[in-house]
Amino acid sequence: MQLYNTLSAEERAELIDQAGKQRLTLSFYAYAKIEDPKKFRDDLFIQWNQLDALGRTYVAKEGINAQMSVPAENIEAFRETLEAYDFMKNIRLNVAVEHDDHSFLKLTVKVRDKIVADGLNDETFDVTNIGVHLKANEFNQILEDPNTIVVDFRNHYESEIGHFKGAITPDVETFRESLPIINEQLKDFKEDKNLVMYCTGGIRCEKASAYFKHQGFKNVFQLEGGIINYAKQIKEENLESKFIGKNFVFDHRLGERITDDIVSQCHQCGKPCDNHTNCSNDGCHLLFIQCDDCKAAMENCCSNECLEITHLPLAEQVRLRSGKQVGNKVFRKGKSENLKFKHSGELSDVALATAKKKPTDIRQKIRVKKVLLGKVEHYYTKASVGLFIIENQELNIGDKIIISGPTTGDETLILEKMLVNGNDNVVAKPSDKVTFEVPFRVRLSDKLFKIIH
């Protein structure tokens, strides 16, 4: 009986491409009393694995929190696996504004102490005694009330690229930090103000609304379904968006656009930008905002120091990051003095620029059929040459190829010249070592694909 993911991200991506079927990115949560989280977790994994559902899910005695990628054709069967439990009857699935078939490439279901870490040890706190849910139109109306205080219960790197106009945006790195800060800041307004809160999908502000009711606030409201559901409703009902910019999401996209306003800056040069990246130095992986020009100049690195490290031999890089506890965490959220244009907390409601429209909707893109050829063995920085090991099928001069990886992305080029086992040749076969010029940096985690027609 399979209870854990057994495929690598690259293998899963290849299977998704071969299947050629649309997938939906969605999230959901539910607070409830779960007596046996481990059994609950195992039962879900078995059912979801059969439906080819992927994603990241946490379960605890207080409920479930999930971000998922599900084949569109299996969505009803997936819902049935949830509604088999009474506390998830008619559960709302927050479907993403933008879809990406590769948003999640593994199925991970973990048991945690809490589905949202809050730092609280108060047994009298009832997480189910929540504030009033507001739909998008109601939320817009209450924001116009001068008696309203609106609070963003997300973290600094989330609110920086998009937020509701006039919101308090705490300069925090975790949800648990925001609770005492906001409680102290608003302690004099418990009786007479509307305390209105929001987050990405609703799970954090749902717990926050219960917490602030527990603290004695009388008029507590929350955005139902969070920013994800709000974006869907304003589109369906043709409402004005009070949210400006991008909504940060916790998959490889790192954000989905709600409005065309760009409200943040590249952390390195100050140019209007709202695209997050992770530092390419595996001993850093700092999450920061980086424009295309800085991305090219700095090779996805946050500092010159990290850039120099990525050019060292792999063995030396491993030695330098040995023992670092945060070395390879994708969502490391720390700040750095090297980022001269990093701003948190008090954020402007004024757009710095307008985003360019995408030429086509991602759901209508032409699917590229590709086969896995091999992997990167080395990259010679000064010569801009990559060394690849061919593992499957043949590679020929004139082939259109894709080099793909978590940091590199998907880069396409036509093979014009190559060396096979050190000699000029027009064809390479499995087990051959191939070198050819690559006009961009490639990494050991990257895979080599050939496009087929």
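Is Cys306 buried or exposed? Cys306 counts as buried, with a relative accessibility of 7%. Please keep in mind while reading that this is a predicted model.

**The cysteines**

Let us stay with the cysteines for a moment. A disulfide is a covalent bond between the sulfur atoms of two cysteines. Here the count of disulfides comes to 0 with a cut-off of 2.5 Å between sulfur atoms. Cys306 takes part in no disulfide, and its nearest cysteine sulfur belongs to Cys279. Cys291 has its closest cysteine sulfur in Cys294, at 3.7 Å, so the pair is too far apart for a bond. Like the residue we began with, Cys291 counts as buried. The table puts the two cysteines side by side.

| Cysteine | Relative accessibility | Nearest cysteine sulfur and distance |
|---|---|---|
| Cys291 | 5% | Cys294, 3.7 Å |
| Cys306 | 7% | Cys279, 3.7 Å |

**The chain as a whole**

Now step back to the overall fold. The protein chain holds 11 helices and 26 strands. Its C-alpha atoms fill a box of roughly 80 × 50 × 45 Å along the principal axes. The radius of gyration is 24 Å, which agrees with the value near 22 Å for a compact globule of 453 residues. Of these 453 residues, 50% count as buried. Among contacts between residues at least 6 apart in sequence, 69% join residues at least 24 apart.

**Helix 1 and its neighbours**

Helix 1 spans residues 9-19, and its buried residues are Arg12, Ala13, Glu14 and Ile16. These buried residues pack against strand 1 (23-31) and strand 2 (54-60), and also against strand 17 (370-380) and strand 26 (447-451). Just after helix 1 comes Gly20, which takes a positive phi of about 65°.

**The five-stranded sheet**

Strand 1 also belongs to an open sheet of 5 strands, with the order 4-1-3-2-5 and mixed pairing. Strand 4 (94-95) and strand 5 stand at the edges with a single partner strand each, so one side of each has no neighbour in the sheet. Strand 4 pairs with strand 1 in the antiparallel sense over 2 bridges, and Ser27 stands opposite Asn94 of strand 4. Helix 3 packs on this sheet, where it touches strand 1 and strand 3. The direction of helix 3 makes about 15° with that of strand 1.

**Two nonpolar cores**

Which residues have the most contacts inside the largest nonpolar core? They are Phe28, Trp48, Ile64, Met68 and Phe78, in a core of 27 residues. At least two residues of this core come from each of strand 1, helix 2 (37-50), strand 2, strand 3 (63-71), helix 3 (75-83) and strand 5 (107-111). Another core, of 25 residues, lies apart from the largest one, and Val116, Phe125, Tyr211 and Phe212 are among its members.

**The three-stranded sheet**

A further open sheet has 3 strands in the order 8-11-12, paired antiparallel. Its edge strands are strand 8 (162-164) and strand 12 (256-257), each pairing on one side only. Strand 11 (residues 243-247) is joined to strand 12 by 2 bridges, and Asn247 stands opposite Glu256 in strand 12. Helix 8 (residues 226-236) packs on this sheet and touches strand 8, strand 11 and strand 12. The direction of helix 8 makes about 120° with that of strand 11.

Conventions
Residues numbered from 1 in each chain as written. Predicted model: local features only at pLDDT ≥ 70, side-chain atom pairs only at ≥ 80, totals over all residues. Heavy atoms only, no water. Buried < 20%, exposed > 50% of the residue type's maximum accessible area, 1.4 Å probe, protein only. Helix = DSSP H or I, 4+ residues; strand = E, 2+ residues; numbered from the N terminus. Contact = heavy atoms within 4.5 Å. Core = buried A, V, L, I, M, F, W, Y, C linked by side-chain atoms within 4.5 Å. Pairing = 2+ DSSP bridges. Axes fitted to C-alpha atoms, helices over the stretch in contact; angles between N-to-C directions. Rg over C-alpha atoms; globule rule 2.2 N^0.38 Å.
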